[in-house]
Amino acid sequence: MAHDGLSGLTSAEVAQQRAEYGPNALPETSTRGLVRIILDTLREPMFLLLIGAAGLYLVLGGLGEGLFLMAGALATIGLVVLQEARSERALSALRDLSQPFARIIRDGLETRRDARDLVPGDIVLIGEGERLPADGVLISGDVLSIDESALTGESAPVSKRPLGEGEALDTEPKPGGDSGPYLFSGTMIVRGQAVARICHTGARTALGRIGVSLASILQEPTPLQKAAGRLVTLLGLLAIAFCAVVAVAYGLLRSDWIGGVLAGITVAIALIPEEFPMILAVFLALGAGRLARHKVLVRRSAVIEALGGATVLCLDKTGTLTENRMRVARLWTGPDDPVTGVDDDEPAAPGRALLALAAKASAVHPVDPMDRAVVTRLGALQPREPETAAKPDRTWPLRPGMMAVIQLWRPSPDIWLAAAKGAPEAIFRLCRLEVTRVQDLTAVVEGLAAEGLRVLAVASCRMPSGFPDDPEAAQFDFAGLIGFLDPVREDVPAALKAARDAGISVVMITGDHPATALAIAESAGFDVSAGVLLGPDIGALDDASLTERLRHVRIFARVVPEQKLRIVEAFKADGQVVAMTGDGVNDAPALEAANIGIAMGQKGTDVAREAADLVILDDSFASIVGGVRLGRRIFLNLRKALVYVTAIHVPIAGVALLPIIMGLPPLLYPMHVVFLELVIDPVCAMVFEAEPSPANLMQQPPRRQDEPLFGPRQLGLALLEGAGVLAGVIGLYVWALERHPENQARGAAFLTLVAGNLILALVDASSAGGHLFAPYRRVYWGIAGAAAGFLILIFAVPTLDGIFKVAPPTPGLLALALLTAIASGGWFGVARSLRRHWPRLARTTPSPLAEGPSPCPPLT
């Protein structure tokens with residue numbers, strides 16, 4: 001289907017093409033389906049032990065016990081599968097959010113749509129830093145430089161020229177060709193802007209034919225997940241070995257080999273903290289989902305561990321601190337002409353001429369905000385009839401040696417017109433102005449910049465014959481200055497204050513004039529007392545001097561991308577955890593070097609997004625600060641969950657092992673452990689994850705970079721909490737055995753263990769405060785109610801109390817068991833409450849949670 005103009009397809013044609021070719025999507029990458037999740041779960045040591053115990057009971061004739069263990073194992077597996085499925089759904093939603101966009105012209109209008117919405121025949125606007133969304137042909141614009149290494153493996157970029165008039169199309173073009181008009185999906189535009197027509201989509205593209213898909217979300221196991229997996233595997237092997245030791249000792253000491261095997265299996269199951277990997281997977285996946293709902297897309301889940309620890313936040317000004325809605329605010333054409341202000345509807349003739357010339361140095365289909373501002377103010381672009389817009393004969397884009405865009409036009413057969421627009425100092429050099437003239441113009445630039453305006457200079461060159469290949473060889477005439485206004489976002493001052501209160505140093509990095517940078521920074525609420533550091537000065541400083549300046553300066557101007565990388569590395573060398581924002585092609589090295597790379601979702605290039613750990617979907621600084629808060633909350637709740645899981649395994653393992661050592665009847669059998677796992681798994685996966693952050697979370701400094709999520713301090717707390725429950729359960733069991741039948745004593749001790757477990761979960765989850773019956777704790781009370789109901793059934797139904805080898809406790813024993821559970825599971829919460837409400841007591845009473853020199857907020 002051919003379209004000679006640039007009005008694009010109509011809606012009816014799009015519907016017809018989509019019905020014929022389908023969406024522009026490659027085959028889905030393999031995701032973990034239900035069967036794979038189940039198989040992965042069954043490989044866990046605990047479930048192998050559970051199935052082994054169930055089989056042993058069935059073989060030895062304990063039909064009821066065997067069936068219950070089998071049902072319990074299936075229920076436990078079901079809970080794990082449910083949580084893993086939740087994680088997969090969250091990751092799937094993130095993949096949908098991460099889909100690339102394309103700028104498409106349809107019905108004569110430019111729109112921004114999902115790239116999967118493309119159909120053959122669509123007209124798309126493409127520019128440097130973008131990955132091509134489908135195969136196509138270049139029909140107008142610059143000669144592009146394209147990296148096709150994703151398809152060919154060749155790192156050197158190739159050139160692509162627009163399709164010539166009357167040139168026949170190759171039906172099967174191949175990647176790797178130089179100087180042709182053919183474009184291929186997945187390749188990267190290194191330089192230039194152009195217009196292309198889509199030829200092939202989806203599986204029909206060169207990328208689709210070789211079955212390659214570029215990963216949009218990198219969900220690799222985090223270092224913490226890998227460490228937890230190794231820990232569980234190690235403990236699983238040790239538990240199996242310990243199982244054998246217990247079984248042999250039990251058999252030799254008591255001459256009961258069957259009981260010894262069951263005791264060994266029970267101890268092994270109790271020792272394995274198999275919840276660790278599930279907790280980490282669920283928290284990271286659901287945490288990424290929470291961040292996405294707050295406009296922060298996580299591309300690498302490991303960054304969630306680091307997000308809450310950021311100490312320095314380096315921000316790009318445009319679009320992050322400001323609204324990225326540039327508009328022409330001032331026009332200056334010389335000392336004899338008045339400055340045209342933002343409220344002037346009709347600028348004077350010199351001002352209109354300056355705008356017209358600036359439009360000649362802007363893209364025909366502008367993407368850059370300042371290009372848009374120029375053509376919008378002039379009215380040169382007619383969006384409903386883009387095919388009527390003229391095209392330049394040649395374009396020289398921005399480059400490090402010349403920070404200006406130059407476009408060459410031929411208004412008549414015997415005249416060449418070159419229009420230049422860029423940084424004032426670059427245009428001054430292009431015009432070869434005298435020193436005194438440059439000084440006068442610089443004063444005007446600084447006056448405009450002091451108003452918070454971004455200033456560009458404009459120049460032109462008319463030649464009657466051919467224009468030189470190097471535009472700097474031509475003589476340009478200075479035309480004037482244009483001041484652009486980009487207002488600070490309304491939410492920036494409050495977000496900046498929240499970041500400072502959280503102990504995060506916020507740094508503004510921009511390529512603007514230093515006066516513009518200072519004016520914007522002051523209006524946003526930055527500390528500008530240390531002044532501004534310029535890019536050239538950064539290059540002149542050695543590493544030690546730069547590090548010293550970075551401790552005080554918060555505003556950086558006239559910075560090029562290479563200097564951003566040096567700033568990031570200097571901050572990191574000074575021990576800071578650096579979060580860095582970027583949106584351009586050349587920002588990728590700084591984003592990769594930062595501890596947390598942050599790309600902009602709306603104005604950022606594909607290169608920047610692929611190099612980043614996070615993508616801010618609305619380009620808002622407030623969303624970044626909100627992401628830091630959520631990162632701290634996820635970290636804190638994950639720590640609580642890990643402390644709880646470790647703590648509850650102390651009494652489970654202890655009551656499985658101590659009766660054997662003490663010569664008492666066994667307290668726990670495999671079915672008891674299964675019941676406890678059915679309570680523990682949903683508690684740690686759902687209750688802790690839903691806990692809100694403390695009210696003062698963003699008034700606390702970031703944690704130390706070397707502070708572990710679960711280190712000696714948290715391990716000590718877990719052992720202390722678990723020891724309290726263990727002491728209560730064992731103490732009650734020993735006391736009850738002397739006064740009550742064995743099954744009644746076991747029932748009372750088991751009741752104490754379950755209730756103490758639930759109380760401990762509530763104590764750990766509510767360490768930040770909050771009402772016990774708050775809406776977000778409904779899941780906890782639902783789990784507690786279900787556990788209580790099942791305990792009632794165990795004691796009330798003869799078959800079940802026979803399976804569990806328990807008997808209903810007397811009223812007095814029942815009351816004592818509940819009181820013991822409350823005391824052993826809740827004592828730490830009482831101690832914490834006393835410390836919180838009586839600060840003087842807290843200062844004089846040593847606490848196991850007392851913080852050392854670490855600035856990390858305490859767990860309480």
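This passage describes strand pairing, helices, aromatic contacts and cysteines in a predicted model. Residues are numbered from 1 along each chain as its sequence is written, and side-chain values use heavy atoms, with hydrogens and water left out. Local features require pLDDT of at least 70 and side-chain atom pairs count only at pLDDT 80 or more, whereas totals for chains, interfaces and linings use all residues.

Secondary structure was assigned as DSSP runs numbered from the N terminus, with helices (H or I) of at least four residues and strands (E) of at least two. Two strands are taken to pair if DSSP finds at least two bridges between them. A residue is termed buried under 20% relative accessible area, exposed over 50% and partly exposed in between, for a 1.4 Å probe and protein chains only.

Strand 4 (residues 135–141) has six of its seven residues buried, so it is largely enclosed by the rest of the structure. Strand 4 runs antiparallel to strand 9 (residues 193–200), to which six bridges join it; Asp135 has His200 of strand 9 as its bridge partner. Strand 4 is also antiparallel to strand 7 (residues 182–183), with two bridges, and here Val137 is partnered by Tyr182.

A further set of pairings involves strand 14 (residues 404–412). Strand 13 (residues 394–396) pairs with strand 14 in the antiparallel sense over three bridges, and Trp396 stands opposite Ile406 of strand 14. Strand 14 pairs in turn with strand 15 (residues 415–422), again antiparallel, over seven bridges. Val405 has Lys421 of strand 15 as its bridge partner, and a hairpin of two residues joins strand 14 to strand 15.

For helices, the expected span is 1.5 Å times one less than the number of residues. Helix 9 (residues 275–293) has 19 residues, which should span 27 Å, and its end C-alpha atoms are 27 Å apart, in agreement. This helix is mostly covered, with 17 of its 19 residues buried. Just after helix 9, Lys295 takes a positive phi of about 70°. Helix 26 (residues 742–765) comprises 24 residues and reaches 34 Å from its first C-alpha to its last, close to the expected 34 Å. Of its 24 residues 21 are buried, so helix 26 is largely enclosed by the rest of the structure.

Rings of Phe, Tyr and Trp (its six-membered ring) were paired if their centres lie within 6.5 Å, with planes under 30 degrees apart counted as stacked, over 60 as edge-to-face and the rest as tilted. Seven aromatic pairs result from this rule. The ring centres of Phe467 and Phe476 are 6.4 Å apart with their planes at 80°, so this pair is edge-to-face. Both Phe467 and Phe476 are buried, and they form one aromatic cluster with Trp396. Tyr780 and Trp781 are likewise paired edge-to-face, at 5.0 Å centre to centre and 80° between the planes. Tyr780 counts as buried at 4% relative accessibility, whereas Trp781 counts as partly exposed at 32%.

A charge sits over a ring if NZ of Lys or CZ of Arg is within 6 Å of the ring centre and within 35 degrees of the ring normal. The charged end of Lys360 sits over the ring of Trp409, 4.3 Å from its centre, and that of Arg703 over the ring of Phe635, 3.7 Å from its centre.

With a disulfide defined as a pair of cysteine sulfur atoms within 2.5 Å, the count is zero. The sulfur of Cys461 is 9.4 Å from the closest cysteine sulfur, in Cys431, too far for a bond. Cys461 is buried, with a relative accessible area of 3%, and Cys314 is buried at 0%.
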